[in-house]
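Open the model in your viewer and keep the sequence panel visible. The stops below each begin with something to select.

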Amino acid sequence: MPIVDRRLTTPDLYRLIAAALIVLGLGLGGTALATVHQRAALTRDITAVTGPLSVGVQDLYRSLSDADATAATAFLTSGAEPAELRQRYLDDLARAGAALTAATRNADDADAARLAVLTDQLPVYTGLVETARSYNRLGVPLGGAYLREASGLMRHTLLPQAQGLFESAQGRLSAAQRDAVGFPWAVLLLGLLTVAGLVYAQVLLARRTNRVFNLGLVAASLVALLALVWSAAGLSAAASRVDAGRGDGSALVSVLAGARRAALQARADEALTLIARGSGAAFEKDYRVVAQDLAGLLGTAADRAPEADRAVILAARDHAVRWGELHDGMRALDDKGDYLAAVAKASATGAAFTELDAAMTSALATANDRVDRQAGHGGGALTGLEVGLLLLTAGLVTAIVLGFRPRIGEYR
């Protein structure tokens, strides 16, 4: 039986190494391209979908809660309420309706269920408020009961659904940010393997051919290094920007949104305590709890905020302290039985709340803008990288082929 020589010939060895290097090069280019494409899509999603969705549901909650507080404040006036309060209430409802429509466009199944509850129950709430308003204009005490029913519907049904939408939107935003800042380990590993393989191939060829340099493989090594460095630099820059938006933006937004939520609830509690005329102890107790939460959240926000944002948050905290002092004065008058003086004092507490709300709204707008701006900068760091990687991958494969083909041809 004839003996078959199964040893690997030099041309076959060269072909095998070239094929392995081409596979590594294509793997590097494909993985880097896929990673860059995913990160670019995530930054676009933050700026175009999840970021605006988070802002929209913040506005929804604020509009609903402010409508409830404004309706309660307007009810304190006997007869026809002030025109500015009536207009503020109507504006809040209009903004809430617009925010509901916007939120519907990007709702998942859980959000769609929450939106359905809001859509169904908001007309019920407004109907109760109008009934309370009608009785109040006629001087009938029953109006207070209708207003408390409306506020209960808002607090126990509408606002929890709006809060659920906010938490869902923040979760989607945080997930997109988290995915956009992950380290590209696969790109780094494949890049290092490709460069190491090219170096090994050059050493092998130098030993077998007595040639120091193989121009094709030298060029391939430079192209692989460029692809690796450019990918790493672009992805790292994008991740750094998005992470800055997460730490100084969306994390701060969650705290400030909680503070504004507490302030709005306290404002409604304050008015409802007066409306109850001596039987509003539960509302006053709730006011004390949420006022304490407000102080804590504003302190946390001031500690976490970048230096540029701290002044407006500290101003909000000062307004909250001033509001608390005025509230205590109003409660003292009401507890003494001087209801009309307490109602008159409520206008001063309303002014302090308005200043507080304006400061928190400004701080939230800045933090939301930072999320969007940093994500935009992150996407900008990836500009041109996808096209560049396509060209570099093609150049890498071509250089490997040109490096090995002459050496293989020497054995024909």
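**Stop 1: two helix pairs**

Select helix α1 (residues 10-75) and helix α5 (residues 185-209): their axes come within 9 Å and cross at roughly 160°. That angle makes α1 roughly antiparallel to α5, where angles over 145 degrees count as roughly antiparallel, under 35 as roughly parallel, 65 to 115 as roughly perpendicular and the rest as oblique. The axes are lines fitted to C-alpha atoms, for helices over the stretch in contact, with angles from 0 to 180 degrees between N-to-C directions. Helices here are DSSP runs of H or I with at least four residues, numbered from the N terminus. The crossing of α1 and α5 is left-handed, meaning that the near helix is turned anticlockwise from the far one by less than a right angle; clockwise would be right-handed.

Before going further, note that this is a predicted model, in which local features need pLDDT of at least 70 and side-chain atom pairs count only at pLDDT 80 or more, while totals for chains, interfaces and linings use all residues. Residues are numbered from 1 along each chain as its sequence is written, and side-chain values use heavy atoms, with hydrogens and water left out.

Now select helix α6 (residues 215-275) together with helix α7 (residues 281-304). The two axes come within 8 Å and cross at roughly 155°, so α6 and α7 are roughly antiparallel to each other. Here too the crossing is left-handed.

On α7, pick K285. Is K285 buried or exposed? K285 counts as exposed, because its relative accessibility is 62%; the cut-offs are under 20% relative accessible area for buried and over 50% for exposed, with partly exposed in between (1.4 Å probe, protein chains only). Add T273 and draw a C-alpha to C-alpha distance: K285 and T273 are 12 residues apart in sequence and 9.5 Å apart in space.

**Stop 2: salt bridges within helices**

How many salt bridges does the structure hold? There are 20, each defined as a side-chain nitrogen of Lys or Arg within 4 Å of a carboxyl oxygen of Asp or Glu. Three of them make useful selections.

Start with R95 and D92, whose closest N and O atoms are 2.6 Å apart. Both residues lie in helix α2 (residues 83-105), 3 residues apart, which is about one turn of the helix. R95 is partly exposed at a relative accessible area of 41%, whereas D92 is buried at 0%.

Return to α6 and select E270 and R267. Their side chains meet in a salt bridge of 2.5 Å, N to O. E270 and R267 are separated by about one helical turn, because they are 3 residues apart in α6. E270 is buried, with a relative accessible area of 1%, and R267 is buried as well, at 8%.

Next, select R373 and D369. The closest N and O atoms of this salt bridge are 2.4 Å apart. Helix α9 (residues 339-381) holds both residues, 4 residues apart, about one turn of the helix. R373 counts as partly exposed at 35% relative accessibility, and D369 is partly exposed at 39%. Some salt bridges share partners: select E284, R288, D328, R331, D334 and D335 to see them joined into one network.

**Stop 3: contacts across the sequence**

Stay on α9 and pick E355. E355 is partly exposed, with a relative accessible area of 43%. Its C-alpha atom and that of A316 are separated by 7.6 Å, although the two residues are 39 residues apart along the chain.

Then move to L402, in helix α10 (residues 385-409). At 47% relative accessibility, L402 counts as partly exposed. Select L215 too: L402 and L215 are 187 residues apart in sequence, yet 8.6 Å apart in space, C-alpha to C-alpha.

**Stop 4: a nonpolar patch**

Finish by selecting L138, V140 and L142 and showing the surface. These residues form a nonpolar patch with about 280 Å² of accessible area together. Patches are made of residues with over 30% relative accessible area and no salt bridge, joining nonpolar side chains (Val, Leu, Ile, Met, Phe, Trp, Tyr) within 5 Å and like charges within 9 Å. The areas come from the Shrake-Rupley method with a 1.4 Å probe, and for residues only the protein chains shown count as cover. One member of the patch, L142, is found in helix α4 (residues 142-180). L142 counts as partly exposed, at 42% relative accessibility.
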